[in-house]
Amino acid sequence: MAIQRRLTIFTAWVILAVVALIGGVAKADSAGADRLRSEIWEFINMQNALTFAELGDVYRLDGLEVTSAGDGYDVLLRNLRMAEEGENGGAFEIGDITFRMTPAGDQLYRMTDLVLPNAMTLRDADGSGAVMTANLTRFDGLWSARYLSFLSLDSEFASAGLAPLNEPGAMGAGRISVILDSVELSEGIFDQKASFEVLGIALKAPDQGDFSIGRIAAASNAKQVNLGATADNLRLIVKDRKAALKQMTGDDVRAMLPWLGDMEMKLQKLSVADKEGNSFSLDEMRLGGRYDAGPGSGGLGSAGFDMAFLGIKAVSPSGDFEGLDSRLVPDRFTLSLGILDIPNDALWNMLINAAYQGLEGDDSGTGGFEGEAMAGLMAASGTRLLLNELSFSNQIMALAGTGEFRLSEAAAYFIEGGFVFELLGISELQALAQEMVVSGDPQKQENGQALLGTLGMMMIYSQGPETPTPTVPEATAFAIRLTPEGTVLINGLPVFGAQ
């Protein structure tokens, strides 16, 4: 559903944005309450401006009440909701939210006593939807009005649920926690660590089957996050997008990106089963990313991405999945990529210019963030793409490989290089393919013939003049190389070339 695609926005709103962003309040009094009310509206208006909604505000509420009480302020957001008009629109009806904000330093405020509605409703334009419940047991955050951001957060839900409207089935989760810690290095510059964890996710759908995940966990470690510059740039963008983009530089983007830092997500003990007896399970999935902007203006950056699927199991009463023998289903897959020598400033300036041209209504492509232009910039700086690891295995075979490519202005396709991989189990694959061909199942026969053809070509290339020596004697090695002229070689034999 369209509104479900905005659940991440809502989560950020509840955790980061639904709270009062208060500035310059020294003590709890009526003047401070007025100032707080103004800051809340300012932040809500900022959120609406940053959504770029064409059909009105996304975040809406019927009223905002701020009352001074003791050493702090009690805040009520009345009937808060997210709504988007149009054919693909919908609404997230959150309801009344209350919380307490207590001054805790220079433009710092402690947020506590957050109370959410017992039930919140998702509605799509077609009338479908779901009811969400969340049992919040702990919430303690330190908010900076200057930086428009939490500096610390410790929150926990004992449980949460999602039930479709007028349909059977429900999804539930056990404990959910969100934690953030910050260390200020200098004025406006922070190191930040964040974590997110969900335990015991389960979906019960009577007409479809069962789905469960034991644990989802995510963590990030960001260095030298410039919260001050980020907040200043956001204020400029909200005030006048075109003027802000026109004066923005690569250094401004640099200030807004280090929060990417190092990130990792883990999904453990996934299980899916349907009513026909087919099932799929996964011990662990890991996704990781990293980004380093590099030192100072004009420097070269680096990035990386890691992915792993471990302990994969698939079971089918028929022994195959749409013509694919179950023995070919992978039980393990890993991939690790790296990018070195990224020309940050040049790429960021291109992105800024493309955004500005878009606001100007210029769709001619002049100055746009086009793939060929981006490749040209990266080629000029000699950007390298590293295949640090590729591995794959199933009951029949195993594959492992590494490689490196370099972007080059002299190359026909802006890129040259290659990778080497080793394959164990070619003879076993040939035997399985023959078995599939004589199985009598048309789909299996077609797949078996295709597999035999692929294996035949691989055996030809395995005799090429540049065949590497495998590290494992039983394996067959293949070196795939893209030459500067645009020719693809496998073990020195050409596959295709530039036209």
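What follows is a short exchange about salt bridges, aromatic pairs and confidence in a predicted model.

Biologist: What average pLDDT does the chain have?

Modeller: This is a predicted model, so confidence comes first. Of the residues, 86% score at least 70. The chain average is a pLDDT of 83.

Biologist: How many contacts does the model have for residues 1-26, beyond near neighbours in sequence?

Modeller: Over residues 1-26 the pLDDT is below 50. The stretch still has contacts in the model beyond near neighbours in sequence. Their number is 88.

Biologist: Over residues 364-369, under what value does pLDDT stay?

Modeller: The model has 12 contacts for residues 364-369 beyond four places in sequence. Throughout residues 364-369, pLDDT stays under 50.

Biologist: How many salt bridges does the structure hold?

Modeller: Side chains of opposite charge can pair when their charged atoms come close. In this structure, the number of salt bridges is 23.

Biologist: Which strands hold E65 and R78?

Modeller: E65 forms a salt bridge with R78, with the closest N and O atoms 2.7 Å apart. The pair ties together parts that are 13 residues apart in sequence, because E65 and R78 lie in two strands. E65 is in β2 (residues 63-69), and R78 is in β3 (residues 72-84).

Biologist: Is E65 buried, partly exposed or exposed?

Modeller: Buried means under 20% relative accessible area, and exposed means over 50%. E65 has 37%, so E65 falls in between. E65 is partly exposed.

Biologist: Where does R175 lie?

Modeller: R175 forms a salt bridge with E156, and the closest N and O atoms are 3.7 Å apart. E156 lies in strand β8 (residues 149-164), so the pair ties together parts that are 19 residues apart in sequence. R175 itself lies in the loop between β9 (170-173) and β10 (176-186).

Biologist: Is E156 buried or exposed?

Modeller: Its partner R175 is partly exposed, at 29% relative accessible area. E156 has a relative accessible area of 17%. The cut-off is under 20%, so E156 is buried.

Biologist: Which residues are linked with E156 and R175 in a network of salt bridges?

Modeller: E156 and R175 belong to a network of salt bridges. The residues linked with them are R138, D154, E197 and R215.

Biologist: How many residues apart are R327 and E435?

Modeller: R327 forms a salt bridge with E435, the closest N and O atoms being 2.9 Å apart. R327 is in the loop between β17 (324-325) and β18 (332-343), while E435 is in helix α8 (residues 426-437). The pair links distant parts of the chain, and the separation is 108 residues.

Biologist: Are the rings of F139 and F150 stacked or edge-to-face?

Modeller: The count of aromatic pairs is 7. For F139 and F150, the ring centres are 6.3 Å apart and the planes are at 65°. F139 is in strand β7 (residues 129-144) and F150 in strand β8. Planes over 60 degrees apart count as edge-to-face, so this pair is edge-to-face.

Biologist: Are the rings of F421 and F478 stacked or edge-to-face?

Modeller: F421 lies in strand β21 (residues 415-424) and F478 in strand β22 (residues 476-482), so the pair ties together parts that are 57 residues apart in sequence. The ring centres of F421 and F478 are 5.2 Å apart, with planes at 20°. Under 30 degrees counts as stacked, so the pair is stacked.

Biologist: Which residues are linked with F421 and F478 into a cluster?

Modeller: F421 is buried, and F478 is buried too. Ring pairs link F421 and F478 into a cluster with F405 and F419.

Methods: Residues numbered from 1 in each chain as written. Predicted model: local features only at pLDDT ≥ 70, side-chain atom pairs only at ≥ 80, totals over all residues. Heavy atoms only, no water. Salt bridge = Lys/Arg side-chain N within 4 Å of Asp/Glu carboxyl O. Helix = DSSP H or I, 4+ residues; strand = E, 2+ residues; numbered from the N terminus. Buried < 20%, exposed > 50% of the residue type's maximum accessible area, 1.4 Å probe, protein only. pLDDT = per-residue confidence, 0-100. Contact = heavy atoms within 4.5 Å. Phe/Tyr/Trp six-rings, centres within 6.5 Å; stacked < 30°, edge-to-face > 60°.
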